[in-house]
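Subject: Structure handover

Hello,

Here is the structure you asked for, with notes on what was found in it. Please look through it before reading on.

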Amino acid sequence: MYRNFIFDLYGTLVDIHTNERKASFWKKCAALLTEFGCPYEPAELRKAYFHYIKLQKVDLSRKFTYPEVDLSKVFLSLFADKGFYPDKSFLSYYASTFRVLSRDFLSLYPDTIAILETLKQAGRNVYLLSNAQTLFTVPEMKELGIYDYFDDVLISSELSCKKPDTAFMQKLLDKHNLAVEESIMIGNEFESDIAVANAVGMDSFYIHTDISPELTGEETATYIDTKTGYLPLKKIQSLLK
């Protein structure tokens, strides 16, 4: 029935928890920049970081209903404010370190690898449509060993908009000439993953995990699992019949 399986990442295939509010986090991030000649006090860095995020959102909101910032631009602005102009390798290094320092944990859900292998062996197309940052997400996918299972990876930071903006989903559909009726969106958030599928007339599968937003009412998806706590292989196998 379905030829194209479109996945959300965090909370669907990958379990993660980050915290960018801790004082100790900003102390470490500021110390690292200062060590490389880009001096920041922790409170100063935190304030500037969220300031540049806000500026981007205001600018992008003129074009998109659901704008997505690009943190690479935020980091570059932070560097430039101190007259620091490093090469791309430092940007990648700092972004990676920033992310690792913010993470409490990162792991795959129990059936993730089995699901991806089953779909590939069945000859299905597997895509990622993630509200995320390329600087963080691609390295994490490679670290977890799942990046190469996907036929394509679309991340919101690269397109300046995020789910449930239909422009994000339409980019994937147009790029690969995907038929909506042969595709299914799988995710753990009704207001983004399921909403964008509904907006383009695509079937959807909602899976409720620990990091899913609280359910507030009657929500609509083609398939719903609120009991397992992660996306189970047997549910995906049932969609291949």
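Two strands are taken as paired if DSSP finds at least two bridges between them. With that in mind, asparagine 4 has asparagine 125 in β4 as its bridge partner. Note that this is a predicted model.

The sheet

The pairing just mentioned belongs to an open sheet of 6 strands, in the order β5-β4-β1-β6-β7-β8, with parallel pairing. β5 and β8 (223-229) are the edge strands; each has a single partner strand, so one side of each has no neighbour in the sheet. On average, neighbouring strands of this sheet are turned by 20 degrees against each other, with direction ignored.

β4 and its partners

Strand β4 covers residues 125-130, and 5 of its 6 residues are buried. On one pairing, strand β1 (residues 4-7) runs parallel to β4 and is joined to it by 4 bridges. Within that pairing, isoleucine 6 stands opposite tyrosine 127 of β4. β4 also pairs with strand β5 (residues 152-155), in the parallel sense and over 4 bridges. Here tyrosine 127 stands opposite aspartate 152 of β5. Tyrosine 127 therefore appears in both pairings, opposite isoleucine 6 in one and opposite aspartate 152 in the other. The unit made by β4, α6 and β5 is a right-handed β-α-β unit. Helix α5 (residues 112-121) lies across β1 and β4, and runs at about 155 degrees to β1.

β7 and its partners

Of the 7 residues of strand β7 (residues 203-209), 5 are buried, so the strand is largely enclosed by the rest of the structure. β6 and β7 run parallel and are joined by 4 bridges. In this pairing glycine 187 stands opposite tyrosine 206 of β7. Between the two strands the chain passes through helix α9 (residues 190-200), and this β-α-β crossover from β6 to β7 is right-handed. β7 pairs with β8 as well, in the parallel sense over 4 bridges, and threonine 209 stands opposite glycine 229 in β8.

Helix packing around α4

Helix α4 (residues 88-102) packs against helix α6 (residues 134-144) at an angle of about 75 degrees, and the axes are 9 Å apart. At that angle, α4 is roughly perpendicular to α6. On the α4 side the contact is made by Ala95, Phe98 and Arg99, and on the α6 side by Leu135, Phe136 and Glu140. By residue class this contact has 4 nonpolar, no polar and 2 charged residues.

Helix α3 (residues 71-81) packs against α4 too, at an angle of about 110 degrees and with the axes 11 Å apart. Angles of 65 to 115 degrees count as roughly perpendicular, and α3 is accordingly roughly perpendicular to α4. The residues in contact are Ser72, Phe75, Leu76 and Phe79 of α3 with Phe90, Leu91, Tyr94, Ala95 and Phe98 of α4. They divide into 8 nonpolar, 1 polar and no charged. Ala95 and Phe98 of α4 are listed in the contact with α6 and again in the contact with α3.

Leucine 32

Leucine 32 is in helix α1 (residues 23-35). Is this residue buried or exposed? Leucine 32 has a relative accessible area of 12%, so it counts as buried. Setting aside neighbours within four places in sequence, leucine 32 is in contact with Tyr93, Tyr94 and Thr97. Tyr94 is also among the α4 residues in the contact with α3. The C-alpha atoms of leucine 32 and arginine 99 are separated by 13 Å, and the two residues are 67 apart along the chain.

Backbone points to check

Most residues other than glycine have a negative phi, and most peptide bonds are trans. The following residues depart from that pattern.

- Lysine 163 and proline 164 are joined by a cis peptide bond, with omega at about 15 degrees. Proline 164 is in the loop between α7 (156-159) and α8 (166-176).
- Serine 160 is not a glycine, but its phi is positive, near 70 degrees. Serine 160 is placed in the loop between α7 and α8.
- Asparagine 177 has a positive phi of about 55 degrees and is likewise not a glycine. Asparagine 177 is placed in the loop between α8 and β6 (183-187). Its relative accessibility is 70%, so asparagine 177 counts as exposed.

Regards

Note on methods:
Residues are numbered from 1 along each chain as its sequence is written. This is a predicted model: local features need pLDDT of at least 70, side-chain atom pairs count only at pLDDT 80 or more; totals for chains, interfaces and linings use all residues. Side-chain values use heavy atoms; hydrogens and water are left out. Axes are lines fitted to C-alpha atoms, for helices over the stretch in contact, and angles run from 0 to 180 degrees between N-to-C directions. Angles under 35 degrees count as roughly parallel, over 145 as roughly antiparallel, 65 to 115 as roughly perpendicular and the rest as oblique. Contact means heavy atoms within 4.5 Å. Ala, Val, Leu, Ile, Met, Phe, Trp, Tyr, Cys and Pro count as nonpolar, Asp, Glu, Lys and Arg as charged, and the others, Gly among them, as polar. Buried means under 20% relative accessible area, exposed over 50%, partly exposed in between (1.4 Å probe, protein chains only). A crossover is right-handed if, with the strands pointing away from the viewer, the path from the first strand over the helix to the second runs clockwise.
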